[in-house]
Amino acid sequence: MTVSSAPGKVYLFGEHAVVYGEPAVPCAVERRATVSVSLRDDDHVRVRAEDLSLNGFTVEYSGSTGGRPDVDVPAPLVEAAMGYIDAAVEQARDAADAPDAGFDISVESDIPLGAGLGSSAAVVVAGIDAATRELGVELTPREIADRAYRAEYEVQDGQASRADTFCSAMGGAVRVEGDDCKTIDAPALPFVIGFDGGAGDTGALVSGVRDLRDRYDFAADTVSTIGDIVRRGETLLADADPDADPSEELLSELGEFMNFNHGLLEALGVSSRSLDSMVWAAREAGAYGAKLTGAGGGGCIVALDPTPETQTGLRFTPGCEDAFRAELATEGVRLEE
Ligand code: MEV
C-alpha cells in the first residue's frame with residue numbers, strides 16, 4: 001500500500017480571473033487529503049472515502065471506474081469526488097503505461113468538498129502520487145501538478161486553470177499565470193477561514209463569469225482589474241521578509257486588496273449571501289481584509305487576522321458553520337507511508 005497526502009489552498013487573490021490568463025496567488029494551507037492506494041490483481045477500482053466534508057459525513061462505497069455508488073449522502077458531492085478520482089486513476093495508468101491497472105483506493109480528507117479550499121485538487125494530486133508510486137513510477141511534484149491539471153481540466157469540461165493543482169502539488173504560496181507556474185516567497189500569513197457548510201458548482205460558476213465577460217466590456221474589465229490587484233499584491237509579498245512575522249503595514253495593504261478583490265468577485269456574481277455575511281463579520285471583528293476563496297457560490301471565505309477575534313466573530317455569525325485558523329502548508333504533495 002502507498003499513502004500520499006496533499007494540501008488544500010486558499011486564494012489570496014485571483015480566482016476566476018486566472019481562467020482568462022490573469023495571474024493568481026493561491027496559498028497551500030494545512031488541511032490535507034490523504035489517499036491510500038493498493039494495487040489489485042484485476043482491473044477494478046474500489047473506492048472508500050471518509051470525512052469528505054468538515055461537517056463530517058462518512059461515505060463508504062465501492063465500484064469500478066465509471067460506476068456510481070448508492071449512498072445516503074448529497075449525490076452531487078459524491079458524483080464530483082468520484083469524477084476526480086476516476087480522472088486521477090486514468091492519469092496514473094497513463095503515466096505508468098499500465099492501462100489495465102486496478103486499485104483499492106481509500107480517501108480521507110479534512111478539506112470540505114467543493115467549498116473553495118481545493119479539495120478536488122488535493123485528492124487528485126495525492127491520488128496520482130500514490131497510484132503512480134504503487135505502479136513503481138515516481139513523478140516529480142511538477143509532473144504530478146501537470147497530470148492533476150489535465151485530470152481537473154477533463155472533469156471540469158475544459159474550464160480549469162493550473163492554480164489549484166499546482167499549489168497543492170508544490171505547497172507554499174504560488175503564482176500562476178496561464179501555463180507559467182512558480183512558487184513564490186511569502187511570510188506566514190494569519191489566515192482565518194469561515195465555512196458556511198455549503199458548496200458551489202465550480203463549472204456553473206466559471207461558465208457564469210464567462211457569459212458575463214463575453215456579453216459586457218465592463219465585466220471583461222472587472223476580470224482584468226482582478227489581475228491588476230494580483231500584480232500589486234504580489235509585489236507586496238515580494239518585498240516582505242518571508243522569515244519574519246508579517247508587518248501590520250503588509251497585512252493592512254494585503255487586506256485592502258483582498259476586500260477589493262471580493263467586491264469584484266461579488267460584481268461577477270460568484271458570491272452568495274452567506275459568503276458576504278461572513279466577509280462582513282470578519283471585517284467587523286477586526287480582520288485586515290476578507291474575501292471569498294475559490295469558485296464561490298457557497299463554501300469558504302478567507303480573512304487575515306493574527307488575533308482570535310475574527311474566528312470568534314465568525315462563530316457567532318448566522319450562516320457560518322465553522323471557523324478555523326489555517327497555517328500556510330510549506331510542503332505540497334508528500335509520501336506518508
Ligand atoms: C476554483 O478553485 C478556482 C477557479 O479560478 C477555477 C480555476 O482556476 O480552475 C474558479
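Q: Is D97 buried or exposed?
A: In this predicted model, D97 sits in the loop between α1 (75-95) and β5 (103-109). A residue counts as exposed if 12 or fewer other C-beta atoms lie within 10 Å of its own. D97 has 9 other C-beta atoms within 10 Å, so its class is exposed.

Q: What is the approximate phi of D97?
A: The loop between α1 and β5 holds D97. D97 is not a glycine, yet its phi is positive. The value is about 50°.

Q: Which class, buried or exposed, applies to D157?
A: D157 belongs to the loop between α3 (141-155) and α4. Its phi is also a positive value, near 50°, in a residue other than glycine. The limit for the exposed class is 12 or fewer C-beta neighbours within 10 Å. D157 has 10 C-beta neighbours inside 10 Å and therefore counts as exposed.

Q: How are α2 and α4 oriented to each other?
A: The axes of helix α2 (residues 119-134) and helix α4 (residues 163-170) come within 9 Å and cross at roughly 55°. Angles under 35 degrees count as roughly parallel and those from 65 to 115 as roughly perpendicular, so an angle in neither range, and not over 145, is oblique. The crossing of these two helices is right-handed. The orientation of α2 and α4 is therefore oblique.

Q: How many nonpolar residues does the contact of α2 with α4 have?
A: On the α2 side, the contact involves A121, A122, V124 and V125. These meet D164, T165, S168 and A169 of α4. The residues of this contact divide into 1 charged, 2 polar and, as nonpolar, 5.

Q: How many of the 5 residues of strand β8 are buried?
A: F191, I193 and F195 point one way from β8, and all are buried. V192 and G194 point the other way and are buried as well. Strand β8 (residues 191-195) is thus largely enclosed by the rest of the structure, because the number of its residues that are buried is 5 of the 5.

Q: What is the order of strands in the open sheet of 4 strands?
A: Strand β8 is joined by 5 bridges to strand β10 (residues 300-304), and 5 bridges also join β8 to strand β11 (residues 322-326). A further 4 bridges join β9 to β10. The pairing is antiparallel, and the order is β9-β10-β8-β11.

Q: Which are the edge strands?
A: The sheet has the order β9-β10-β8-β11. An edge strand here pairs on one side only. That applies to β9 (289-292) and β11.

Q: Which residue in β11 is the bridge partner of I193?
A: Strands β8 and β11 run antiparallel and are joined by 5 bridges. On the other pairing of β8, V192 has A303 in β10 as its bridge partner. In β11, the partner of I193 is F324.

Q: Which residue in β10 is the bridge partner of L292?
A: Strands β9 and β10 run antiparallel, with 4 bridges between them. The partner of L292 in β10 is I301.

Q: Which strands does helix α8 lie across?
A: Helix α7 (residues 248-267) packs on the sheet, touching β9 and β10, and its direction makes about 30° with that of β9. Helix α8 (residues 273-284) runs at about 170° to β9. The strands that α8 lies across are β8, β9 and β10.

Terms used: Residues are numbered from 1 along each chain as its sequence is written. This is a predicted model: local features need pLDDT of at least 70, side-chain atom pairs count only at pLDDT 80 or more; totals for chains, interfaces and linings use all residues. Axes are lines fitted to C-alpha atoms, for helices over the stretch in contact, and angles run from 0 to 180 degrees between N-to-C directions. A crossing is left-handed if the near helix is turned anticlockwise from the far one by less than a right angle, and right-handed if clockwise. Two residues are in contact if their C-beta atoms, placed from the backbone, lie within 7 Å. Ala, Val, Leu, Ile, Met, Phe, Trp, Tyr, Cys and Pro count as nonpolar, Asp, Glu, Lys and Arg as charged, and the others, Gly among them, as polar. A residue is buried if 20 or more other C-beta atoms lie within 10 Å of its own, exposed if 12 or fewer, and partly exposed in between; C-beta atoms are placed from the backbone. Two strands pair if DSSP finds at least two bridges between them.
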